[in-house]
Amino acid sequence: MYLTGLPDLLIEPIIRDALKEDLGLAGDVTASAVIPPKARFKAEFRARGAGVSAGIDCARLAMSLMDPQIRFETLLPDGSAVKKGDVIARIEGNARAILAAERVALNLLCHLSGVASLTAKYVAAIEGFKSRIVCTRKTMPMLRGLQKHAVRCGGGYSHRYGLDDAILIKDNHIAICGGVAPAMERAKASAGHTMKIELEVDSIDQLKQALPYAPDVLLLDNFSLDMYVEAVKLASGKAILEASGGVNMDTVRAIAETGVDVISVGALTHSVPNFDIGLDAV
């Protein structure tokens with residue numbers, strides 16, 4: 001995914017399915033009943049609060065799939081800081097087509113802008129420290145790429161995209177393998193030279209067990225602040241240290257102060273508030 005926009009080739013299937021879900025078999029019966037077939041409509045996507053834009057390509061594509069002749073002008077592209085009243089985009093075209101695509105366009109634009117806006121708040125909260133804010137795999141099914149793009153728009157970064165791009169050994173893997181040592185030994189034997197290995201530890205003792213096996217990343221699961229400080233003393237420079245669990249706006253700055261490299265925040269995608277954007281007639 002690209003910070004400056006989302007490739008239509010990747011997002012078009014998602015938008016098509018969303019439109020099919022909303023239109024059903026009969027289409028927009030309200031618009032068909034009350035709006036003449038050739039009626040024109042001009043409107044603006046207008047922010048009703050302050051935040052960061054994301055998902056404008058989803059809105060544009062929803063409109064163009066309903067009618068390729070619709071004119072869509074982006075004023076504040078993905079990653080832009082917006083304030084209440086700002087016009088994010090202008091649109092003009094067939095009224096029936098615009099209204100049929102309105103809800104799909106707004107659902108995605110508002111949700112993704114919510115992700116970007118919340119990410120920006122977390123990034124601002126740890127300004128001055130080296131830690132990066134990253135999202136996780138706790139994403140909505142089939143929207144992972146869109147949500148992770150929105151995190152980038154807010155100044156955050158991505159954890160792995162899926163199960164296939166990095167090895168992440170968690171507590172259940174360790175339990176099944178019979179401990180940190182056999183789990184790491186098997187991972188090392190399996191991984192190619194470009195494959196990163198991350199190991200989740202829930203105690204300083206587990207961290208000490210892991211260090212001789214040189215994992216690329218240590219995921220510090222639900223550590224206290226004192227434990228984070230101890231982990232940094234023991235492992236800084238030997239592995240990337242990721243803080244995970246118990247991260248919220250009240251705790252994130254104190255976690256960053258301990259010196260960890262990465263702070264993962266599932267809430268960026270799994271429970272983000274919507275960012276209010278309206279489609280207003282002009």
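What follows is a short tutorial conversation about reading the features of one predicted model.

Me: Before we start, what should I know about the numbering and the confidence limits?

Reply: Residues are numbered from 1 along each chain as its sequence is written, and side-chain values use heavy atoms, with hydrogens and water left out. As the model is predicted, local features need pLDDT of at least 70 and side-chain atom pairs count only at pLDDT 80 or more, while totals for chains, interfaces and linings use all residues.

Me: How many helices and strands are there in the protein?

Reply: Helices (H or I, at least four residues) and strands (E, at least two) are DSSP runs, numbered from the N terminus. Here the protein has 11 helices and 13 strands. Its C-alpha trace spans about 70 × 35 × 25 Å along the principal axes.

Me: What percentage of the residues count as buried?

Reply: Buried means under 20% relative accessible area, exposed over 50%, and partly exposed in between, using a 1.4 Å probe and protein chains only. By that rule, 48% of the 282 residues are buried.

Me: And what share of contacts join residues at least 24 apart?

Reply: A contact means heavy atoms within 4.5 Å. Taking contacts between residues at least 6 apart in sequence, 69% join residues at least 24 apart.

Me: Let's do the sheet. What is the order of the strands in the open sheet?

Reply: Two strands pair if DSSP finds at least two bridges between them. In this model 7 strands form an open sheet with parallel pairing, in the order E7-E6-E12-E11-E10-E9-E8. Strand E7 (157–158) and E8 are at the edges with a single partner strand each, so one side of each has no neighbour in the sheet.

Me: Which strands pair with E9?

Reply: E9 pairs in the parallel sense with strand E8 (residues 167–169) over 3 bridges, and 4 bridges join E9 to strand E10 (residues 217–221), also parallel. On the E8 side, Leu 168 stands opposite Glu 198; on the E10 side, Leu 199 stands opposite Leu 218. To get from E9 to E10, the chain passes through helix H8 (residues 204–210), a right-handed β-α-β crossover. Right-handed means that, with the strands pointing away from the viewer, the path from the first strand over the helix to the second runs clockwise.

Me: Which way do the residues of E9 point?

Reply: Ile 197, Leu 199 and Val 201 point one way, while Glu 198 and Glu 200 point the other way, and all are buried. That fits the tally for strand E9 (residues 197–201), where 5 of its 5 residues are buried.

Me: Back to H8: what is Gln 206 in contact with?

Reply: Gln 206, which sits in helix H8, counts as buried because its relative accessibility is 16%. Leaving aside neighbours within four places in sequence, Gln 206 is in contact with Ile 174, Val 180, Glu 200 and Val 201.

Me: Which residue in the loop between H8 and E10 should I look at?

Reply: Try Ala 214, in that loop. Ala 214 has a positive phi of about 50° although it is not a glycine, and with a relative accessible area of 42% it is partly exposed. Asn 222, in the loop between E10 and helix H9 (225–235), also isn't glycine, and has a positive phi near 55°.

Me: Now a helix. How does the reach of H1 sit against the expected value?

Reply: The expected span is 1.5 Å times one less than the number of residues. Helix H1 (residues 8–23) has 16 residues and reaches 21 Å from first C-alpha to last, close to the 22 Å expected.

Me: Which residues of H1 are buried, and which are exposed on the face turned away from them?

Reply: Ile 11, Ile 15 and Leu 19 are buried. They cover an arc of only 80° around the axis, which puts them on the same side of H1; the arc is that of the directions from the helix axis to the C-beta atoms. The face turned away from the buried side carries the exposed residues Leu 9, Lys 20 and Glu 21.

Me: What do the buried residues of H1 pack against?

Reply: They pack against helix H3 (56–66), helix H4 (95–125) and helix H5 (144–153). H5 has 8 of its 10 residues buried, so it is largely enclosed by the rest of the structure.
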